[in-house]
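Got the viewer open? Here is a short tour, one selection at a time.

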Amino acid sequence: MTFSSLFSRLRSCSKPICINLQRTSIFQRPQIPSSSLAEPVICSRKPSSNNSWIASLIPLAFAVSAGSLALHSHSLCLSDAPLFDPNSVKIGGKDSTNYVVKGYHREIPPQLIEELKAICQDNMTLDEDERYVHGKPQNSFHKAVNIPDVVVYPRSEEEVSKIVRSCNKHKVPIVPYGGATSIEGHTLSPNGGVCIDMTLMNRVKALHVEDMDVVVEPGIGWMELNEYLKPYGLFFPLDPGPGATIGGMCATRCSGSLAVRYGTMRDNVINLKVVLADGEVMRTASRARKSAAGYDLTRLMIGSEGTLGVITEITLRLQKLPQSSVVVMCNFPTIKDAADVAIATMHSGIQVSRVELLDEVQVRAINLANDKKLPEVPTLMFEFVGTEAYSREQTQIVQKIASQHHGSDFVFAEEPDEKKELWKIRKEALWACFAMEPNSEAMITDVCVPLSHLAELISRSKQELDASPLTCTVIAHAGDGNFHTIVLFDPTKKEQRREAERLNHFMVHTALSMEGTCTGEHGVGTGKMKYLEKELGIENLRTMKKIKVALDPNNIMNPGKLIPPHVCF
């Protein structure tokens, strides 16, 4: 390629072809080898008045002629979107340690406001307090410098389609919003824009009892859905935090304590309807329980965190309510003993419904918050379901396994109220921690490893946590290798925040060294992006980026989430 043709090609483009890779962190610049850095080449239709700009392209031309740089259209390094300032500062990329998400904000066009009013009528707001609530996650320490410019509350799929189409026309970012229970900054609005609150779309559209599936809108909560299903002898088995909605659960590919028996969200969704970035409505699959027809677009959308489309309808697999269940609690002298029993139980082939592990600090928080007197030692909670005889048989086998690992103080709960109370205090573990240290924020880890590595990971992590000056608790879905730590810190003290981040880094990198993941069920959002390249590899991330650009060329769908900002192709 000659210099003149290269120059002509660069002048003719209207978008930046490379991001300034130094913008990924506010306080700390990522450590990228100097050989991989390049000054951004900003293309413009305006004629240059500075000959030095032309001269600066000469080295690039030589590089092209030498074959060291390929500027084919499929390998360009694209900026996140044409609507964002390419010099805006972001976080979440490789090695980022910043928790405040910065973005580029521009005034929302008045014409778009009028279009949204015509679509939503009274179901929208420009109120600053309401916008602030939607721009700050309830249980997350992640923050953004901007909040949504407007919040809309669609009542139908048609309204969602019209909203998205208008936002795409004006190139205004969109952030879908559900139960606001996510903890990794999924619902932040770093670039302002339109927050689409889906909570008014909360209907059960169809229940097929004989097929054991249900069609719902995204705003219905899993707890409300199970209340609806109970008279039919059915239930939806996934149980994340209280308040989570089905749409958000799909978007983050969540699971919960029952995943060890019933699988995660990707295993329990039959199909979806999704509004794409151009406003088109797509159904991902039929209602058949299995299909080999085409790409699996259902699984593509589950876990996409609103970056590829807005989910407007979900068809879910259901399960029969078990005839009988037994909850067992037992105590251990060390957390490794408890983890070893969880692993041994899974190896035994017993069909457990739940295996939850709590360390002594978490039990202490539960006692303080609930006025309980549980022994403050590492504790395992099991649930067995099936017939009454089967549940009792499985309980006896696990009791024998636990006894071989120093288990003691076995407590059995079979009455419905007793079982409900035990799982309630487990589900409210986070709030118990906040009750123990009410002025703290929580950094919550979500690592998951192959089951054979769980005991080692928990033991090594527990040593670091106990040596830390911060209050830290451990909660694990021990049956599938997933465990959380709740690290409490004072947000006004930088040294405590740094210590919390150090502990988080330690556990994530230890899990990755064991072929694990940085997030078993909470999703990526802005908080986990920095770990994705090490976990998945740059080739994986480039493929994700290509999918994102193909489906959302204007990058309006929840921008700045999931895909690290340094990734280009």
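Is tyrosine 232 buried, partly exposed or exposed? Select tyrosine 232 and take a look: with a relative accessibility of 40%, this residue counts as partly exposed. Bear in mind as you go that the model is predicted.

**Aromatic pairs**

Keep tyrosine 232 selected and add tyrosine 228, since the two make an aromatic pair. Their ring centres sit 6.0 Å apart, and 40° separates the planes, a tilted arrangement. Tyrosine 228 is partly exposed as well, at 34% relative accessible area.

Now go to phenylalanine 235 and tyrosine 262. Here the planes stand at 85° and the centres are 5.8 Å apart, so this pair is edge-to-face, the cut-off for that being over 60 degrees. Colour by secondary structure and you'll see that the pair links distant parts of the chain: phenylalanine 235 belongs to strand S9 (residues 234-235) and tyrosine 262 to helix H9 (residues 259-262), 27 residues apart. Both phenylalanine 235 and tyrosine 262 are buried. If you feel like hunting for others, the whole structure holds four aromatic pairs.

**A charge over a ring**

Next, pick tryptophan 423 and arginine 354. Arginine 354 lies over the face of the tryptophan 423 ring, 4.3 Å from its centre.

**Two helices crossing**

Time to zoom out. Two packed helices are described by the distance between their axes and the angle between them. Show helix H12 (residues 335-347) along with H14: their axes come within 9 Å and cross at roughly 140°. That angle makes H12 oblique to H14, because roughly antiparallel would take over 145 degrees. The crossing is right-handed. For the contact itself, show side chains for Val341, Ala344 and Thr345 on H12, then Val398, Ile401 and Ala402 on H14.

**Two positive phi values**

Stay around H14 (388-403) and step into the loop between this helix and strand S17 (408-413), where you'll find histidine 406. What is the phi of histidine 406? Phi is near 70°, a positive value in a residue other than glycine. For context, most residues other than glycine have a negative phi. Histidine 406 counts as exposed, at 52% relative accessibility.

For the last stop, select lysine 171, in the loop between helix H6 (157-170) and strand S5 (174-177). Lysine 171 has a positive phi too, near 55°. With a relative accessible area of 31%, lysine 171 is partly exposed.

Methods
Residues are numbered from 1 along each chain as its sequence is written. This is a predicted model: local features need pLDDT of at least 70, side-chain atom pairs count only at pLDDT 80 or more; totals for chains, interfaces and linings use all residues. Side-chain values use heavy atoms; hydrogens and water are left out. Helices (H or I, at least four residues) and strands (E, at least two) are DSSP runs, numbered from the N terminus. Buried means under 20% relative accessible area, exposed over 50%, partly exposed in between (1.4 Å probe, protein chains only). Rings of Phe, Tyr and Trp (its six-membered ring) pair if their centres lie within 6.5 Å; planes under 30 degrees apart count as stacked, over 60 as edge-to-face and the rest as tilted. A charge sits over a ring if NZ of Lys or CZ of Arg is within 6 Å of the ring centre and within 35 degrees of the ring normal. Axes are lines fitted to C-alpha atoms, for helices over the stretch in contact, and angles run from 0 to 180 degrees between N-to-C directions. Angles under 35 degrees count as roughly parallel, over 145 as roughly antiparallel, 65 to 115 as roughly perpendicular and the rest as oblique. A crossing is left-handed if the near helix is turned anticlockwise from the far one by less than a right angle, and right-handed if clockwise. Contact means heavy atoms within 4.5 Å.
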